[in-house]
Amino acid sequence: MDAQPSGDLRLEGVTRTYEAFTAVDHLDLTIPRGSFFALLGPSGCGKTTTLRMVAGLEQPSEGTISIGARDITDTKAYQRNVNTVFQNYALFPHLNILDNVAFGLRRRRDGEWKAKAVAALDLVELAHTAGKKPGQLSGGMQQRVALARAIVNRPDVLLLDEPLGALDLKLRRQMQIELKRIQQEVGLTFVHVTHDQEEAMTMADTIAVMNGGRLEQVGDPATLYERPRSTFVANFLGQSNLLRARLTGLRGDHAEVDVHGIPLRLSRAQVPEGADGVWLGIRPEKLRLVGGDTPGLNVLPGEVTDVSFTGVATHYLVRMPWGQELTLVQQNDGSARAGLGETVRLGWEPSQAFSLDVAQDAHAGEDHEEVV
Ligand code: ATP
């Protein structure tokens with residue numbers, strides 16, 4: 001089931017204002033044809049508005065939207081080859097599953113409606129439910145039917161608006177893998193809106209992190225995670241320990257920094273030209289409990305103030321001499337453990353840290369709601 005050639009989805013200077021309020025602010029985005037793209041951000045950042053403008057349900061106040069060479073900014077929603085899958089599956093309850101999937105094809109009098117609908121149902125592994133009614137299927141199955149119904153139209157772009165939001169955690173995880181498999185199989189462009197960073201990272205080739213109607217950073221999941229360019233991305237995508245560091249010298253590949261009187265090292269490439277201070281960022285799983293000799297590692301002393309066992313890992317909070325608490329996540333792989341109140345040393349490879357502009361708010365992006 002190959003997609004018809006269409007083209008990249010391109011947003012140029014797309015802005016949406018509601019009276020004095022700017023929901024989406026001069027967005028420039030190119031979403032390559034056939035990619036799985038996620039728009040990620042906290043509630044109210046403008047991702048749904050962006051999606052609705054691509055769908056044609058909302059008109060940009062400024063800017064243009066195009067697919068390939070076609071400018072679709074002023075094209076009516078039903079004339080765009082764009083389909084949306086919403087969180088509430090919106091299946092027709094009185095039609096059976098096959099007729100639900102075939103609905104659009106039959107309206108367009110597609111002579112091959114049956115074969116195409118069966119193939120789409122096959123793709124979501126639900127061919128055996130063709131004769132059932134939506135009410136007889138589970139939530140996850142209904143969502144797969146909604147997906148089949150959208151895919152069968154071979155849209156240039158398939159928009160997914162928090163499509164897994166109504167499912168429980170386990171089913172969500174299964175569906176994430178399933179959705180990714182389906183996208184790879186059909187090769188259509190998927191644009192997925194979510195506020196769940198883990199969901200975005202699991203599925204998308206490219207993630208655009210949005211904040212306050214603007215783009216914070218666009219990149220593949222690993223780059224966003226390992227090399228965030230703002231404190232917002234560092235905190236919103238996973239967790240980060242941010243330490244205020246003062247630059248004291250440069251030696252070979254390393255920059256020498258002072259963190260509350262303790263000398264540490266950072267990769268020189270991480271320090272912007274001319275900076276005299278940075279936020280030194282280190283992810284919780286890059287920290288480890290160290291003893292004895294630690295050549296080449298950065299080491300900080302501290303006291304364990306919390307230990308939480310989560311099954312695969314143990315999360316520690318460790319208070320630094322200057323009062324800040326750092327988070328350390330240790331896989332439960334048999335390595336040495338520490339107890340509450342114990343004095344420990346945290347170590348990490350200098351190359352595993354990143355640095356950020358010290359003028360940024362260290363707590364930006366921290367207050368997003370946790371997804372259950
Ligand atoms: P959520 O995850 O909660 O859906 P979101 O990132 O999708 O959030 P949008 O729905 O795009 O955010 O909304 C962005 C901002 O625009 C919000 O502050 C919202 O209140 C505002 N907004 C959206 N639609 C309208 C409207 N019709 N009139 C006025 N303000 C609106």
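For sorting residues by class, Ala, Val, Leu, Ile, Met, Phe, Trp, Tyr, Cys and Pro count as nonpolar, Asp, Glu, Lys and Arg as charged, and the others, Gly among them, as polar. Keep that handy for the first stop. One more thing before you start clicking: you're looking at a predicted model.

**Stop 1: the ligand**

Select the ligand and show what surrounds it. You should pick up Tyr18, Phe21, Ala23, Pro42, Ser43, Gly44, Cys45, Gly46, Lys47, Thr48 and Thr49. Sort that shell by class and you get five nonpolar, five polar and one charged residues.

Now colour by secondary structure. Strand S2 (21-31) and helix H1 (47-55) each give at least two residues to the shell, and H1 has the largest share, with three.

Which polar atoms should you zoom in on? Try these:

- Lys47: an N or O atom in its side chain sits 2.7 Å from a ligand oxygen.
- Cys45: here a polar backbone atom is 3.0 Å from an oxygen of the ligand.
- Tyr18: a polar atom of this side chain lies 3.4 Å from a ligand nitrogen.

How much of the ligand does the protein bury? On its own the ligand would expose 630 Å², and the protein buries 58% of that.

**Stop 2: helix H5**

Next, select residues 169-186, which make up helix H5. Its 18 residues reach 26 Å from the first C-alpha to the last, close to the 26 Å expected at 1.5 Å a residue.

Show side chains for the buried residues of H5: Arg172, Met175, Gln176, Glu178, Leu179, Ile182, Gln183 and Val186. While you look along the helix, here's a handy rule: an α-helix has 3.6 residues a turn, so residues three or four places apart point the same way.

What do these buried residues pack against? Turn on strand S3 (36-40), helix H3 (113-123), helix H4 (139-151), strand S8 (189-194) and helix H6 (197-203). Then step just past the end of H5 to Gly187, where phi is positive, at about 70 degrees.

**Stop 3: Glu199**

Stay in this neighbourhood and select Glu199, which belongs to helix H6. Is Glu199 buried or exposed? Its relative accessibility is 0%, so Glu199 counts as buried.

Bring back Arg172, one of the buried residues of H5. The side chains of Glu199 and Arg172 make a polar contact at 3.1 Å. Leave out residues up to four places away in sequence, and Glu199 touches Leu164, Arg172, Gln176, His192 and Thr194.

**Stop 4: helix H4**

Jump to H4, one of the elements that the buried residues of H5 pack against. H4 has 13 residues and spans 18 Å between its end C-alphas, close to the 18 Å expected at 1.5 Å a residue.

H4 is mostly covered, with eleven of its 13 residues buried. Among them are Gln142, Arg144, Val145, Leu147, Arg149 and Ile151. To see what does the covering, show strand S6 (82-85), helix H2 (97-107), H3, strand S7 (157-161), H5 and S8, which are included in that cover.

**Stop 5: Thr343**

For the last stop, select Thr343 in strand S19 (residues 343-348). Thr343 counts as exposed because its relative accessibility is 66%.

Which residues is Thr343 in contact with, leaving aside neighbours within four places in sequence? Look for Gly302 and Glu303. Finally, draw a distance from Thr343 to Gln331: they are twelve residues apart in sequence, and their C-alphas are 20 Å apart in space.

How values were computed: Residues are numbered from 1 along each chain as its sequence is written. This is a predicted model: local features need pLDDT of at least 70, side-chain atom pairs count only at pLDDT 80 or more; totals for chains, interfaces and linings use all residues. Side-chain values use heavy atoms; hydrogens and water are left out. A residue is near a molecule or strand if one of its heavy atoms lies within 4 Å of it. A polar contact is a pair of N or O atoms within 3.5 Å; within protein, one must be able to donate a hydrogen and the other to accept it, and residues adjacent in sequence count only if both atoms are side-chain atoms. Accessible areas come from the Shrake-Rupley method with a 1.4 Å probe; for residues, only the protein chains shown count as cover. Helices (H or I, at least four residues) and strands (E, at least two) are DSSP runs, numbered from the N terminus. The expected span of a helix is 1.5 Å times one less than its number of residues. Buried means under 20% relative accessible area, exposed over 50%, partly exposed in between (1.4 Å probe, protein chains only). Contact means heavy atoms within 4.5 Å.
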